[in-house]
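Subject: Structure for you to look over

Dear colleague,

I am handing over the structure we spoke about, and below it I have set out what was found. Please read the notes with the structure open beside them.

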Amino acid sequence: MINAANILVINGSYRDDGITDQTIEIMVQSIMESGARADVVYLRDYPIGFCLNCRECTQTSGVLPGKCVQQDGMEDLISRIEQASAYIIASPTNFGSVTAIFKRFMERLVVYAYWPWDNNFPEYRKDNSLRKKAVLVSSCAAPGFLGRWLYGTHKQLKMTARIIGADVVGTLFTGRIAKDSYTSLPESVQKKAKTLAIKLI
Ligand SMILES: Cc1cc2nc3c(=O)[nH]c(=O)nc-3n(C[C@H](O)[C@H](O)[C@H](O)COP(=O)(O)O)c2cc1C
């Protein structure tokens with residue numbers, strides 16, 4: 001049974017208290033102040049391996065995710081994804097894309113594809129009915145509008161939302177913020193983070 005306001009946050013940053021962590025913290029605070037729940041997964045501390053490309057998990061049809069042959073933290077994470085009512089999906093931009101730990105997580109989402117051996121392409125298991133909401137969060141050194149357009153990050157975060165069955169209701173893509181080893185988030189970014197968090201409740 002899905003709790004009406006149970007937000008799962010997936011954080012693909014490597015850095016404690018960096019731009020991504022600070023943004024997430026503000027969003028989580030807003031969610032909790034509104035009486036909803038937030039469950040934060042820090043991929044940097046989370047025990048998941050690389051996808052083996054065996055495609056065993058994709059062979060049986062149905063809307064529920066397939067079963068991975070690996071026994072690691074992904075099984076629990078998939079169950080948290082299924083239980084959540086909405087998502088915050090976050091990763092900084094590293095070399096033009098999401099971080100490596102985010103990409104590793106993304107590839108493990110192949111359990112959300114139905115892809116029998118005789119099909120050339122996978123099909124999404126989650127169709128367009130009963131879709132959940134997602135907010136995407138990213139930052140980069142370049143100006144935000146440019147980073148969002150130029151890099152693969154935004155596309156990859158969107159693809160992640162799509163495969164787990166969520167529609168993107170907002171994006172916070174900041175740039176040119178980290179001008180020191182520690183930077184506090186500007187007021188304008190804090191305000192947008194709060195507004196977007198409330199959209200998920
Ligand atoms: C290894 C590495 C690669 C990066 N690559 C890019 C990049 O391709 N383009 C860009 O605009 N910023 C790049 N950045 C800057 C980060 O995206 C930016 O500092 C981000 O805010 C870091 O997020 P965090 O504070 O959550 O760690 C890179 C930073 C590092 C450490």
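Helices (H or I, at least four residues) and strands (E, at least two) are taken as DSSP runs and numbered from the N terminus, and it is in these terms that Asp72 is placed in the loop between strand 2 and helix 2. Please keep in mind throughout that this is a predicted model.

To begin with that loop, Asp72 is partly exposed, since 13 other C-beta atoms lie within 10 Å. When residues up to four places away in sequence are not counted, Asp72 touches Pro47, Ile48 and Gly49, while its C-alpha atom is separated by 10 Å from that of Phe50, 22 residues apart along the chain. Lys67 is also found in the loop between strand 2 and helix 2, and with 13 C-beta neighbours inside 10 Å Lys67 likewise counts as partly exposed. The C-alpha atoms of Lys67 and Val111 are 6.6 Å apart, although 44 residues separate the two along the chain.

Two backbone angles deserve a careful look, because most residues other than glycine have a negative phi. Arg55 is not a glycine and yet has a positive phi of about 65°; its place is in the loop between strand 2 (37-42) and helix 2 (74-83), where Arg55 is partly exposed, with 16 other C-beta atoms within 10 Å. Asp17 has a phi near 65°, again a positive value in a residue other than glycine, and Asp17 has its place in the loop between strand 1 (6-11) and helix 1. With 11 other C-beta atoms within 10 Å, Asp17 is exposed, because a residue with 12 or fewer such neighbours is put in that class.

Phe102, by contrast with these loop residues, lies in helix 3 (residues 100-108) and is buried, with 27 other C-beta atoms within 10 Å. Leaving aside neighbours within four places in sequence, Phe102 is in contact with Gly12, Leu43 and Ser91. The C-alpha atoms of Phe102 and Pro92, ten residues apart along the chain, are separated by 9.3 Å.

Pro92 also appears around the ligand, which is surrounded by 16 residues, the closest being Gly18, Thr20, Pro92, Cys140 and Ala141. Helix 1 and strand 6 (132-140) each supply at least two residues of this shell, and by class the shell has seven nonpolar, eight polar and one charged residues.

Helix 1 also takes part in a helix packing. How are helix 1 and helix 6 placed relative to each other, in angle and in distance between their axes? Helix 1 (residues 19-33) and helix 6 (residues 187-199) pack at an angle of about 45°, with their axes 8 Å apart, and the two helices are therefore oblique to each other. Their crossing is right-handed. On the side of helix 1 the residues are Thr23, Ile26, Met27, Ser30 and Ile31, and these meet Val189, Gln190, Ala193, Lys194, Leu196, Ala197 and Ile198 in helix 6. By class, this contact has eight nonpolar, three polar and one charged residues.

With best wishes

Terms used:
Residues are numbered from 1 along each chain as its sequence is written. This is a predicted model: local features need pLDDT of at least 70, side-chain atom pairs count only at pLDDT 80 or more; totals for chains, interfaces and linings use all residues. Axes are lines fitted to C-alpha atoms, for helices over the stretch in contact, and angles run from 0 to 180 degrees between N-to-C directions. Angles under 35 degrees count as roughly parallel, over 145 as roughly antiparallel, 65 to 115 as roughly perpendicular and the rest as oblique. A crossing is left-handed if the near helix is turned anticlockwise from the far one by less than a right angle, and right-handed if clockwise. Two residues are in contact if their C-beta atoms, placed from the backbone, lie within 7 Å. Ala, Val, Leu, Ile, Met, Phe, Trp, Tyr, Cys and Pro count as nonpolar, Asp, Glu, Lys and Arg as charged, and the others, Gly among them, as polar. A residue is near a molecule or strand if its C-beta atom, placed from the backbone, lies within 6 Å of it. A residue is buried if 20 or more other C-beta atoms lie within 10 Å of its own, exposed if 12 or fewer, and partly exposed in between; C-beta atoms are placed from the backbone.
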